[in-house]
Structures are given as structure tokens and as C-alpha cells.
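Thanks, everyone. I'll keep this brief and go straight to the model on the screen.

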Amino acid sequence: TGQSTFSTNVGIGTLSPGYKLTIAGSGSSWNINPHSGGVDLYSTGNIAPHYQTNYDWYTGAPGSGAFKMRLDASGNLGIGTTVPTSKLHVVGTGRFTDSLTVSKTSGVGIVDIISGDNYSVISLIGGQSGDAANGWGIYSGYPSAGDFTIRENGVANYLTIKKTSGNVGIGTTSPKSTLNIA
């Protein structure tokens, strides 16, 4: 029922704690180091808490922080969602500053870009002198639902395939024949 205050590092299972709190045993240790920016948790072995269904990460004050991500019992990681439905499930905008590789060892590899109520686009923006400032886009559902279009973003459509007719337009979004070159 009392309190103890220590001005030095505290060790459990060790005579030489390297952090504010070091808990050692079975060849590994947990180290807790509070500081003005938060608390760092280190481990010399695997950090393997047991008997949790989900691990949630929050930022902000304890008990009132903002939810950021969840690792669920099936191994799915959700960023911005508490119900991840795949190995990586991101709700919000993501960014890769290097490369993104999607590979599959056998069968068909699929990348789906799904828009809830509008067109979808893959935007390609080069960084070389003379590249289109806004880049090029490969569009599904633009300029009309079901159409496929390649265009210089924000400038002009260069190739359109109409879903309703299968007609191909080069330089036009309304091809009147199988192949219409404007």
C-alpha cells in the first residue's frame, strides 16, 4: 500500500538495467524508457504478448487517443480500420515513395482499383524534362460509365473505347464507327 520512487534505472531479474525499467529472464529482456515524446518499448527477444484477440494502436492521451491501426488475430493489419479484411487493409490515402511490386507465384495476378461511385484512374507521372506536367491516365468509366480511356490528365483524351458499342476513338470520345480517328 506504499509508494516507492527511484531516481535511477530499475531492474527485475538483472543487476544492470539499461533503461528506466528492464525486466530480464530466459535470455531476453523487455526495456521501457519513458521520455518527453512518449514511451519506447524495446526487447532483446521477440515481443510476443499472449492471449489478445486484437492489438490496437492509438495516438494521443491514454484513454482518449485517436485510433490508428489494428493487427487482428488472423494476422490482418488494418490502418484506419478496426475490421481489416486482408493482410494489409488501408482506409484513406496511401503513398509509396519508392516502388510497389505486386507478384503472384502462379495463376493470374490481379490489381483491382475500385471506385464507389465514380471513375477509376491509374495516373502515370514521369519526372523527365518534357514529360506531361499532369501525367497520363488510364481511366475506367470515363468520360461515360463503362468507357475505357487513355488521356493526358487535365488536357485531352487520346484513345477511348466505348462500352456500349466497342467502337474505338482516337482523338474523339464519341467514335461513330469501329475505328474513328479524328
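Start with the open sheet of six strands. Its order is 9-10-11-12-13-14, and the pairing is mixed. Which strands stand at the edges? Strand 9 and strand 14, residues 179-181. Each has a single partner strand, so one side of each is left without a neighbour in the sheet. From one strand to the next, the twist averages 15°. One caution before I go on: this is a predicted model.

Now walk through the pairs. Strand 11 covers residues 148-152, and strand 12 covers residues 156-161. They are antiparallel, with five bridges between them. Ile150 has Leu159 in strand 12 as its bridge partner. The hairpin of these two strands has three residues between the strands. There, Gly154 takes a positive phi near 75°.

Next along is strand 12 with strand 13. Again the sense is antiparallel, this time over three bridges. Thr160 has its bridge partner in strand 13, namely Gly169. This hairpin has six residues between the strands. Gly166 takes the positive phi here, near 80°.

Then comes the pair at the end of the order. Strand 13, residues 168-170, and strand 14 run parallel, joined by three bridges. Opposite Val168 stands Leu179 in strand 14. As background, strands of a sheet pair through backbone hydrogen bonds, either parallel or antiparallel.

One residue in this sheet gets a closer look: Ser140. It lies in strand 10, residues 136-140. Is Ser140 buried, exposed or partly exposed? Its relative accessibility is 45%, and exposed would need over 50%. So Ser140 counts as partly exposed. What does Ser140 touch, leaving out residues up to four places away in sequence? Tyr119, Ser120 and Asp147. There is also a C-alpha distance to note. Ser140 and Asn118 are 22 residues apart along the chain, and their C-alpha atoms are separated by 9.2 Å.

On to the other sheet on my list. Four strands form an open sheet in the order 5-6-7-8, with mixed pairing. Strand 5, residues 54-59, and strand 8 are the edge strands, and each pairs on one side only. On average, neighbouring strands of this sheet are turned by 15° against each other, direction ignored. Inside the order, strand 6, residues 66-72, pairs with strand 7, residues 77-79. That pairing is antiparallel, over three bridges. Leu71 has Leu77 in strand 7 as its bridge partner.

Last topic: the largest pocket. How much space lies in it? About 590 Å³. Its lining has 15 residues. Phe96, Leu100, Val102, Val111 and Ile113 lie nearest the centre. Two elements give two or more residues to the lining: strand 8, residues 88-90, and strand 9, residues 120-124. Which of the strands gives the most? Strand 9, with four residues. By class, the lining has ten nonpolar, three polar and two charged residues.

Let me tie the pocket back to the sheets. Strand 8 is an edge strand of the four-stranded sheet. Strand 9 stands at an edge of the six-stranded sheet. Both give residues to the lining of the largest pocket.

That's the tour. Happy to take questions.

Key: Residues numbered from 1 in each chain as written. Predicted model: local features only at pLDDT ≥ 70, side-chain atom pairs only at ≥ 80, totals over all residues. Heavy atoms only, no water. 1 Å grid on protein atoms, 1.4 Å probe; cavity = no way out; pocket = protein on both sides within 12 Å on 5 of 7 lines; lining within 4 Å. Points joined across faces, edges and corners; volume = space filled by probe spheres on them. Nonpolar A, V, L, I, M, F, W, Y, C, P; charged D, E, K, R; others polar. Pairing = 2+ DSSP bridges. Axes fitted to C-alpha atoms, helices over the stretch in contact; angles between N-to-C directions. Buried < 20%, exposed > 50% of the residue type's maximum accessible area, 1.4 Å probe, protein only. Contact = heavy atoms within 4.5 Å.
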